[in-house]
Structure formats: C-alpha cells, structure tokens
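Here is my note on the model you sent round. Please keep the structure open while you read.

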Amino acid sequence: MMARLVARMRGMVSRAVVGLVMDGVKLQGLQVTILADQSADEVEHFQHYGFTSVPLPGAEGIALAVGGSRAHTVVLNVDDRRYRLKSLRPGEVALYDDMGKAVHMTRDGMVLDGGGQQVTIKNTPKVRIEADLESTGNIKDNCDSGSARTMAQMRTSHVGHTHNGGEITSTPIQPI
C-alpha cells in the first residue's frame with residue numbers, strides 16, 4: 001500500500017512535451033508525451049488570464065496529475081526553449097513568437113519588432129502619440145483625399161486638403 005502511494009506521488013508532477021494542440025475549445029487541449037512512453041490526449045492547458053498562445057509541437061510544459069490521477073492531467077507553463085528571447089536584464093518583460101516578432105519592455109524603453117512583417121493597429125477610432133514621431137521610412141496620407149501622398153508631397157502641396165468633418169485647409173504642412 002505504501003509503495004503504491006509513493007509511486008502515485010512521484011507521478012503527480014512531470015515534464016510534458018507538446019505533440020498536438022486543439023485550440024477551438026473553451027480551455028485549450030493538448031496531446032502531450034509524459035515520460036518516455038506515456039502520452040495523454042485532450043489534456044487541459046491552463047494559461048494566464050488575458051494571454052493565450054498556441055504552442056508548437058516540441059514545446060515543453062509541466063504536467064500535474066490532479067489528485068494523483070494520470071486520468072486527470074493538466075498542463076501549466078508551456079515554454080519553448082527554441083525561440084525564447086534570451087539575455088533580458090532583470091525586470092524586463094517580452095512577448096515573442098517563433099518567427100522573430102517581439103514586444104520587448106526593456107529598461108530603456110519598449111521595442112516592437114515585427115520580424116520583417118507588417119504591424120497593423122486596427123479597430124480603433126484614433127491613435128494618439130504623445131511624443132515626437134520619427135520615421136526612417138515613408139509616411140503616407142491615405143485619408144479622405146482618395147489618393148496616397150507621402151509626407152514630402154504634403155509638405156510642398158499648396159492644394160487644399162479635406163479633413164474628417166469637411167474642414168478644408170489650404171496651408172501646407174510645414175517641414176519638421
């Protein structure tokens with residue numbers, strides 16, 4: 001009896017390797033390999049409130065056998081050592097993926113890295129920037145006029161420009 005209890009306690013916490021992910025359910029389900037030869041299907045994956053991800057096959061997590069029963073296994077804290085950002089300084093926080101995209105809150109500021117892909121801000125009536133804006137690329141005006149204009153074209157234009165609400169301005173934008 002005691003040996004069975006000890007074996008059950010040893011099996012309560014183990015490492016799990018993700019095989020498949022079922023993300024279309026209320027609480028994400030995983031197929032995981034636990035130990036060398038045991039697998040479990042439809043294991044509930046508990047994530048932090050407000051944050052969700054779909055781990056790739058090969059990611060690792062901590063499997064807990066609730067009440068010591070492998071039939072009721074859940075997985076916590078899935079991570080992927082292949083893609084984790086490294087060498088952060090104490091207190092820094094980052095959100096990242098396997099394609100090189102990241103949001104990194106550094107000790108010196110914030111870095112949004114699109115990994116070479118487009119970054120889109122959507123479903124908002126306004127974006128407010130309370131700081132100077134600096135760009136190393138083109139800035140295009142696509143509002144109301146029907147044709148895109150670069151910042152250089154806007155600076156030299158003496159043609160009126162219609163803003164939301166119908167207000168027309170005739171003064172060109174002054175160089176920054």
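The points below go from confidence and overall layout to the sheets and then to one residue.

1. **Confidence.** This is a predicted model. The chain averages a pLDDT of 86, and 82% of the residues score at least 70. Where is confidence lowest, and where is it highest? The low end is strand β11 (residues 161-162), at a mean of 52. The high end is strand β7 (residues 102-105), at 97. Where pLDDT is low, the predicted coordinates should not be read in detail. Please keep that in mind for β11, with its mean of 52.

2. **Layout.** The chain has 2 helices and 12 strands. Along the sequence, the elements follow the pattern α-β-β-β-β-β-β-β-β-β-β-α-β-β.

3. **Burial, surface and contacts.** The chain has 176 residues, and 19% of them count as buried. It exposes about 13700 Å². Carbon and sulfur atoms supply 55% of that area. Now take the contacts with a separation of 6 or more: residues 24 or more positions apart account for 30% of them.

4. **The barrel.** Which strands close into a barrel? There are 5, running β1-β2-β3-β5-β4, and their pairing is mixed. From one strand to the next, the twist averages 50 degrees. Strands of a sheet pair through backbone hydrogen bonds, either parallel or antiparallel. The next three points take pairs from this barrel.

5. **β2 with β3.** Strand β2 (residues 29-34) and strand β3 (residues 38-45) are antiparallel, with 5 bridges. Val 32 has Ala 40 in β3 as its bridge partner. The two strands make a hairpin with 3 residues between them. In the turn, Leu 35 has a positive phi of about 60 degrees.

6. **β3 with β5.** In what sense do these two pair, and over how many bridges? The sense is parallel, over 2 bridges. Look for Glu 44: its bridge partner in β5 is Val 74.

7. **β4 with β5.** Strand β4 (residues 60-65) pairs with β5 in the antiparallel sense. There are 5 bridges. Glu 60 stands opposite Asp 79 in β5.

8. **The open sheet.** A set of 3 strands forms an open sheet, ordered β6-β7-β8, with antiparallel pairing. Its edge strands are β6 and β8 (110-113), and each pairs on one side only. Here the twist averages 5 degrees from one strand to the next. β7 and β8 share 4 bridges. Val 103 is bridged to Leu 112 in β8. As noted in point 1, β7 has the highest confidence in the chain.

9. **Asp 80.** Is Asp 80 buried or exposed? Its relative accessible area is 10%, so it is buried, the cut-off for that class being under 20%. Asp 80 sits in the loop between β5 (73-79) and β6 (93-96). What does it touch, leaving out residues up to four places away in sequence? The contacts are Leu 56, Ala 59 and Tyr 96. Please check these three on screen.

10. **To recap.** The model has a closed barrel of 5 strands with mixed pairing and an open antiparallel sheet of 3. Asp 80 lies in the loop between β5, a barrel strand, and β6, an edge strand of the open sheet.

Methods: Residues are numbered from 1 along each chain as its sequence is written. This is a predicted model: local features need pLDDT of at least 70, side-chain atom pairs count only at pLDDT 80 or more; totals for chains, interfaces and linings use all residues. Side-chain values use heavy atoms; hydrogens and water are left out. Buried means under 20% relative accessible area, exposed over 50%, partly exposed in between (1.4 Å probe, protein chains only). Contact means heavy atoms within 4.5 Å. pLDDT is the predictor's confidence in each residue, from 0 to 100. Two strands pair if DSSP finds at least two bridges between them. Axes are lines fitted to C-alpha atoms, for helices over the stretch in contact, and angles run from 0 to 180 degrees between N-to-C directions. Accessible areas come from the Shrake-Rupley method with a 1.4 Å probe; for residues, only the protein chains shown count as cover.
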